[in-house]
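Please open the model in your viewer and keep the sequence panel visible. The stops below are given in order of selection.

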Amino acid sequence: MASSTRIFGNCCRALMASTTTATATAIVTRARGRPNRIVKPQPVSPALGNFLGAKEVSRADAVKKVWEYIKTNNLQNPANKREINCDDKLKTIFDGKDKVGFLEIARLLIQHFHKAA
């Protein structure tokens, strides 16, 4: 970073600030102006709908709300933070598994999303 600061001087901060807003809008919309699939609300399965309290939700919001639930109920394994100990409510959306790795969460949630008609 120090070498790029010498090359670009003070304009580096301006470039970095503009890219953060540009990336935020790029995530939300594609080049054609349509919402990206990860932020577009989609119909969900009844099990996930009961868990989230909504019939349609975006994938990003679903993952975010599942993580909020995990954090508030202290379900992460204290010895291995990458492992989640599922309670009865989480077992309904995670195929009845007792333990889930944090990288599995998104993969297990995808099966609950149905394509919008």
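The tour begins with the whole chain and then turns to one helix.

This is a predicted model, in which local features need pLDDT of at least 70 and side-chain atom pairs count only at pLDDT 80 or more, while totals for chains, interfaces and linings use all residues. Residues are numbered from 1 along each chain as its sequence is written, and side-chain values use heavy atoms, with hydrogens and water left out.

Select the entire chain and colour by secondary structure: six helices and four strands appear, in the sequence pattern α-α-β-α-β-α-β-α-β-α. Helices (H or I, at least four residues) and strands (E, at least two) are DSSP runs, numbered from the N terminus. Of the 117 residues, 24% count as buried, meaning under 20% relative accessible area with a 1.4 Å probe, protein chains only.

Next, select residues 59–72, which form helix 4. Its 14 residues reach 20 Å from first to last C-alpha, close to the 20 Å expected at 1.5 Å a residue (1.5 Å times one less than the number of residues).

Within helix 4, show the side chains of Ala 62, Val 66, Tyr 69 and Ile 70, its buried residues. Viewed down the axis of helix 4, these buried residues fall within an arc of 100 degrees (taken from the directions from the axis to the C-beta atoms), so they line one face of the helix.

Add helix 3 (46–52), strand 2 (56–57), strand 3 (83–85), helix 5 (88–93) and helix 6 (104–110): the buried residues of helix 4 pack against these elements, contact being heavy atoms within 4.5 Å.

Now turn to the face of helix 4 directed away from its buried side, where Lys 71 and Thr 72 are exposed (over 50% relative accessible area). Finally, select Asn 74, just after helix 4, which takes a positive phi of about 55 degrees.
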